[in-house]
Amino acid sequence: MFTAKKRLLTGLQPSGALHIGNYFGALKPFLDIYEDFDSFLMIADYHALTTLRDPELLRKNTIDIVRDYLAVGIDPEKVVVWRQSDNQDHTELGWILNCMVTVPFLMQAHSYKDKVAKGIEPNAGLFTYPILQAADIALYNADVVPVGEDQRQHLEYSREAVGKFNRAYGEILKPAAEMILAGVGVVPGTDGQKMSKSYGNTIPLFGTTKEIEKAVMSIVTDSTGDRPENVYAIHRLLKSAEELEPIYEANKGRYGDLKKILVSDLEEFIAPMRERRASITDDEVAEVLTAGVRKAKEVSSVTLDRVRKAIGID
Ligand code: ADP
Ligand code: TRP
């Protein structure tokens, strides 16, 4: 019997070098499931524009994130990879959906409120950010959207925007469900806090041997107890508790040696991806994005045509 795969779509902000927290929290869970779906992976460069005003950096980050995903093993034959700004259907449906939702509704969004609370002067793009995201999803009739916990509310906003549209014009857009990926939980950084590029406590996913060494040697360890917990927590991402048990037993209290073992295990894990990444050219990335937007547009243009007819702009 033929059963169509469900459609999966997610978006990534191109926001700079990835760390192993991103890998185990987001990339790996995506890699594990994307082939079971009809998958779409979008680089959200218009979303990045809400916070990034450096054209060279935006261009570079966009290319880099495609390269990163290819290097960790994404197969562009099995998932449509494209850049949001290459398909203007996103901004068009985004505008239309903006006309469906109210200002007080958008004012309640966490992502907006958090930025305001931090004293960041919000631009209007940041304010309507969840609605552009709703358009990204609705254009492709996505069933599920794998995201981190922080995006849960954006998915609620997407459904609300789609619901408002459908109540006004008929059942045209499909509401999508979030799929909160069960990653490994929060990966700690070298200081024991959540690993995050904004805290400067990362182990870079494509780091050189020297960079890995430097990061691992800087892992904060307390002087009590036999086991350096911050070292162990990162080690556990690579090896099972059973595998680590004899290693930590044999090196009890020798934090420096345990760190060296972690460096070599990280190197073994990172080196093949780092090498693959170095072999991917800008041209290859461009080819992936060109083929991707062609496929993306085939789907989104059908949805947008229906929307335009429904609203009387055709
Ligand atoms: P950062 O905190 O470094 O800025 P992002 O916010 O860009 O990372 O996160 C990108 C993705 O990686 C998200 O899906 C997020 O849940 C995941 N992620 C980031 N840091 C961690 C971490 N320390 N542990 C697990 N997952 C993480
Ligand atoms: N807002 C998402 C994030 O910061 C990125 C994103 C843009 C997205 N469009 C999307 C995620 C559509 C899922 C679906 O992570």
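Student: What makes the pair formed by Q13 and ligand 2 a polar contact?

Tutor: In this predicted model, a polar side-chain atom of Q13 lies 3.5 Å from an oxygen atom of ligand 2. The cut-off for a polar contact is a pair of N or O atoms within 3.5 Å, so the pair with Q13 counts.

Student: How do you know that Y129 and D136 make polar contacts with ligand 2?

Tutor: Let's take them in turn. An N or O atom in the side chain of Y129 is 2.7 Å from a nitrogen atom of ligand 2. For D136, a side-chain N or O atom is likewise 2.7 Å from a nitrogen atom of the ligand. The limit is 3.5 Å, so both pairs qualify.

Student: How much of the accessible area of ligand 2 does the protein cover?

Tutor: On its own, ligand 2 has 360 Å² of accessible area, and the protein covers 90% of that.

Student: Which residues around ligand 2 are the closest?

Tutor: They are H47, Y129, Q133, D136 and Q151, out of 14 residues that surround ligand 2. Sorted by type, the shell has seven nonpolar residues, six polar ones and one charged one.

Student: Which elements supply at least two residues of that shell?

Tutor: Strand 1 (7-12), helix 8 (129-138) and strand 4 (144-147) each do. Helix 8 gives the most, with four residues.

Student: Why is Q151 called buried or exposed?

Tutor: Its relative accessibility is 17%. Buried means under 20%, so Q151 counts as buried. You will find Q151 in the loop between strand 4 and helix 9 (152-169).

Student: What makes the side chains of Q151 and Q133 partners?

Tutor: They make a polar contact of 3.3 Å, and that value is within the 3.5 Å limit.

Student: Why is strand 2 described as largely enclosed?

Tutor: Five of its six residues are buried, so the rest of the structure largely encloses strand 2. Strand 1 is mostly covered too, with five of its six residues buried.

Student: How do you know that strand 1 and strand 2 pair?

Tutor: Two strands pair if there are at least two bridges between them. Strand 1 and strand 2 (residues 38-43) have six, in the parallel sense. Two examples help you see the match: T10 stands opposite L41, and G11 has M42 as its bridge partner.

Student: How does the chain cross from strand 1 to strand 2?

Tutor: The chain goes through helix 1 (residues 20-33), giving a right-handed β-α-β crossover.

Student: What makes strand 2 and strand 3 a pair?

Tutor: The same test works here. They share five bridges in the parallel sense, with strand 3 covering residues 79-83, and at least two are needed. One of the partners to look for is V81 in strand 3, opposite L41.

Student: How do you know that S196 and K197 make polar contacts with ligand 1?

Tutor: A polar side-chain atom of S196 lies 2.8 Å from an oxygen atom of ligand 1. For K197, a side-chain N or O atom is 2.5 Å from an oxygen atom of the ligand. Both values fall within 3.5 Å, so both are polar contacts. The protein buries 73% of the 540 Å² that ligand 1 exposes when taken alone.

Student: How do the residues of the shell around ligand 1 divide?

Tutor: There are four nonpolar, six polar and two charged residues. Among the residues around the ligand are H19, N22, V186 and M195.

Student: Why is Q108 called partly exposed?

Tutor: Its relative accessibility is 44%. Buried would need under 20% and exposed over 50%, so Q108 falls in between and counts as partly exposed. Q108 is in the loop between helix 5 (103-107) and helix 6 (110-117).

Student: Why is K259 called buried or exposed?

Tutor: The value for K259 is 8%. That is under the 20% cut-off, so K259 counts as buried. K259 lies in helix 13 (residues 255-279), and a polar atom of its side chain lies 2.9 Å from the backbone oxygen of I219.

Notes
Residues numbered from 1 in each chain as written. Chains lettered and ligands numbered in written order. Predicted model: local features only at pLDDT ≥ 70, side-chain atom pairs only at ≥ 80, totals over all residues. Heavy atoms only, no water. Near = heavy atom within 4 Å. Polar contact = N/O pair within 3.5 Å; in protein donor to acceptor, adjacent residues only side chain to side chain. Areas by Shrake-Rupley, 256 points an atom, 1.4 Å probe, with all protein chains shown as cover. Nonpolar A, V, L, I, M, F, W, Y, C, P; charged D, E, K, R; others polar. Buried < 20%, exposed > 50% of the residue type's maximum accessible area, 1.4 Å probe, protein only. Right-handed = clockwise from strand over helix to strand, strands pointing away.
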